[in-house]
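Student: I'm new to this one and don't know where to begin. Please pick a single part, take me through it closely, and then show me how the rest fits around it.

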Amino acid sequence: MNFLFHLSERVNPFQSIIILSAAVLISSFFALSKSKAVKKFLIVLVSISLIIAFYLNIYSYLSMGSFSSFLIFFENIQMIEIGIIIFSAISVLYFISAYHVDDENFSKILIIFLFSVICGAFVILSKNFILMFVSISVFILSIFQLISATNSGVDKISLHVFEFFLRPVLAIILFFFGFSLLYGVTDFKDFNQILQSEYMSDALVILTLIIFGIALYLYFFLFPFQGPYMRMIKKGSFSTASVIWFFYFPVGVFTLINTGSLFLFFIERNNTFLPVLLIIITYFCMLAANIGAVKTGSVRRIMSFLFLFFMSIFLLNISMYSTGIIDRGSMDLFNLVNIFIILFSFMPLCSIFNNIEKNTGADNINNVIGLGRINIYAGINIIVIFLSWFGFLYYIEPVRAYLDRVDFLKMGAASSMVLVAMVTGFIFFSVNIFRILGKIFNRPSGGEAGKVLFTGSLYAYITFFSVITLLGIVTILLVILDIDIVFLDFKITGFNF
Amino acid sequence: MGYGNRGEEKMSFQLIIYANLLLLLIGIFGILYSKDIVSIFVSMQLIIISGVMNFLVFSQFLYQRSLWDKIFIILGVTIIYFVMFCLVYYLYLNKDELSRETLYNNFKFFKIKKSDWWGEDNI
Amino acid sequence: MSYASQLTIAVMNYISILGLLISGLCSILVIDKKRKLLFLFLVLFFAGVLSFVYYSGVLFFLIGIIAAFFFLLLYLFVLQIEVFGSPEYPEITDSPGGLIKNKILNIIISIFFCAAAGYPVYRYTDRFLKGVKMAEESGAVPIVGWGDISGQLFTEYSLLLIIITVSLFLSFLWAMAIVVRKK
């Protein structure tokens, strides 16, 4: 045991990455195999390695604390982010295993998938510009290889996959150009050094941040550039959406969070242009996402639009911070909660709707009519999952606190715009939720919903998320009602606005 | 260029920086204007070269030829070209002739269609 | 350094920059794909000359090899379409003048967005250039060699080399995965 502890100390904080790398190494010996037994073995191996990596990630932080070096830094935020990525990876593994286990290239797909998890971890850990750039580029490459490999049997998908990945490639080229401009200001090698230095207000730093902002905007496929993302999700295999939603986007969000201090520096200096621009973009994205979801009958397109709505919630949080409605700590908390809501709702919903499409043979919202009445257990789980989307009611408290502090009639234009954007966006969002729920619990017609069969693993999968969601709802209710419960030295009512 | 007085150096440095930025704008123009995938790749190359030139010029004039930027260029350009190589390879192996020809002749990087915003997308 | 060699370097610098810009513009505007790639080759050539001008000639060889592979594949792709595919794609338009109108609109919109992007780029660059401090020139001209680069690369950035190498290996697996399916 002492030996393992010393070894762990030596390799800190790469323990989880080393476990995953070992799994890649072992799996590569079976890369050419098409045997079912080998595929099952690989699924078990990858699952165990992800679970051990998840445990070691938390253990390394709790036992050895923060770590910082020339290339990387590992603090509590990085631990949480890597934990989320590994948890998402376990979910993505479920989708890949469910829909590609009969694929003759399944072993190769799993190896590429594991490597993309490792790259995602490096993106989060990176501090040095070179490591940051190389890790995000290799991450995008590995995601491209994963998507193209899982879609190699889908007819006429290659154009859409290619179109989709041209955007992140342009984003990394813009990152490269941005880093070259940053080099003209200073030869500091990480963002924290620049943030604490006198160079922060330099003209080239501002230009670099503009270029980085454009690159991130392209990366996230925000409106009006959502076309390739919508087309690829619509046409792709069942696992494509899971890889993009639970992998590609979260890593981008964590990159934004880790570099967000630079953008927030200018917001905190009472720049008027930036908050107004942010609010306009937020309002535009929230509205376009909801209207798009309402106007289509394709379940994939509805979910894709709603996912972009959740992405715009991050912009909403930043807008609210820029206008003073919430403080920095609350903004970080809301961003984290948003990630959890996305993952814990979209994962089970993705699995349910994929199953419906697979059983009915068509991607249409009308195929879910009556599902809640035919399969009551699935219906209850769906209600619980959608309840998590009403978690946006947590915005009520900070808005109420803000309106208590500031006279409503003397509120600034920017604050008013944020509140209007928030209210309008959530009203439209509620319309979408009720539309979907209405279809699910309507009287069955056509018999399509009757064809839907749920496997045991699917029931277990969605039940797990429903239980987590229920626990989350109970916790929040306890906070709101100010009922103090101490659980593992953690006070449930510890959150304040 | 390393000779004469500071004024001449600064003028030359300014000229080179503006030339690099002009190259960047030519690249952006190419991405917006192009109707085929080859032009888009060419435009991306121009932006990459503009970035590389920025590194080299800043290293030459501001840091007296440091090593860090060379390493960034080597690793960064290697990985960017590798990613683009994989993309083109995927395109090259594409057995769907219609997609290949669409990309070759009638492909705009930023194309806005009504179906991307609402309604159905019959692809 | 003698005045003659300094002058040579300065002339090479300006000619290469001019060549880079003209080749770059030609590569965008020319319609024939093979000519586009020819001008792209010229762009890469002038960039290589500039790397020598800035005393970083080693980069020309290191990056040139990688760029050459990509350039070769792009050229093969163009050849594949030209020889085996149908290079011409008829543009469908409602009216005879519609094609020209679309092209003019396309150019105007692209130039407008470039101008919109170019204005803040120019403004911030101008502000930077007004306040920039040049480095003190020492007498000697240190030229960066592969030994210096590899020393730092293998000591401080070996992790990145491992990541790129593993990525290369996995790309072979990926290439097998997508090729096998095509059969």
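**A helix with a kink, and what lies beyond**

Tutor: Let's start where a helix stops: right after α14(A) comes G361(A), and its phi is positive, near 80°. Keep in mind that this is a predicted model.

Now step back into the helix itself. α14(A) covers residues 328-360, which makes 33 residues. How far apart should its ends be? At 1.5 Å a residue the span should be 48 Å, and the end C-alpha atoms are 47 Å apart, so the two values agree. There is a bend along the way, though: look at F346(A), where α14(A) has a kink of about 25°. The proline P348(A) follows shortly after that spot.

α14(A) also helps to cover another helix, α16(A). That one runs over residues 376-389, 14 residues in total, and reaches 20 Å from first C-alpha to last, close to the 20 Å expected. Its buried residues are A378(A), N381(A), I382(A), V384(A), I385(A), S388(A) and W389(A). For a feel of such spacing, remember that an α-helix has 3.6 residues a turn, so residues three or four places apart point the same way. Besides α14, the cover over those buried residues includes α15 (371-374), α18 (413-440) and α19 (456-480) of chain A.

Elsewhere in chain A, you can see two helices packed against each other. The axes of α4(A), residues 76-100, and α11(A), residues 238-268, come within 8 Å and cross at roughly 170°. Angles over 145 degrees count as roughly antiparallel, and that is why this pair gets the label. On the α4(A) side, the contact includes I84(A), S88(A) and F95(A), while F246(A), F247(A) and P250(A) are among those from α11(A). Sorted by class, this contact has 13 nonpolar, five polar and one charged residues.

For a single residue, try L218(A), which sits in helix α9, residues 203-219 of chain A. Is L218(A) buried or partly exposed? It has 19 C-beta neighbours inside 10 Å, and being buried takes 20 or more, so L218(A) counts as partly exposed. Leaving out residues up to four places away in sequence, L218(A) touches R167(A), L170(A), A171(A) and F225(A). V169(A) is 49 residues from L218(A) in sequence, yet their C-alpha atoms are 9.5 Å apart.

Now out to the neighbouring chains. Chain A and chain B meet through 44 residues from each. On chain A's side, α6 (129-150), α7 (158-185), α10 (227-235) and α12 (273-294) each give two or more residues, and α7(A) gives the most, with 16. That side divides into 25 nonpolar, twelve polar and seven charged residues.

Chain B itself has four helices and zero strands. It has 123 residues, of which 62% count as buried. Among its contacts with a separation of 6 or more, 49% link residues 24 or more positions apart.

Chain B also meets chain C, in a contact of 66 residues from chain C and 64 from chain B. The helices of chain C that each supply at least two residues to this side include α1 (3-29), α2 (33-53) and α3 (57-84). The largest share, 14 residues, comes from α3(C). By class, chain C's side has 45 nonpolar, 16 polar and five charged residues.

Technical notes. Residues are numbered from 1 along each chain as its sequence is written. Chains are lettered from A and ligands numbered from 1 in the order in which they are written. This is a predicted model: local features need pLDDT of at least 70, side-chain atom pairs count only at pLDDT 80 or more; totals for chains, interfaces and linings use all residues. Two residues are in contact if their C-beta atoms, placed from the backbone, lie within 7 Å. Ala, Val, Leu, Ile, Met, Phe, Trp, Tyr, Cys and Pro count as nonpolar, Asp, Glu, Lys and Arg as charged, and the others, Gly among them, as polar. A residue is buried if 20 or more other C-beta atoms lie within 10 Å of its own, exposed if 12 or fewer, and partly exposed in between; C-beta atoms are placed from the backbone. The expected span of a helix is 1.5 Å times one less than its number of residues. The bend at a residue is the angle between axes fitted to the seven residues ending there and the seven starting there. Axes are lines fitted to C-alpha atoms, for helices over the stretch in contact, and angles run from 0 to 180 degrees between N-to-C directions. Angles under 35 degrees count as roughly parallel, over 145 as roughly antiparallel, 65 to 115 as roughly perpendicular and the rest as oblique.
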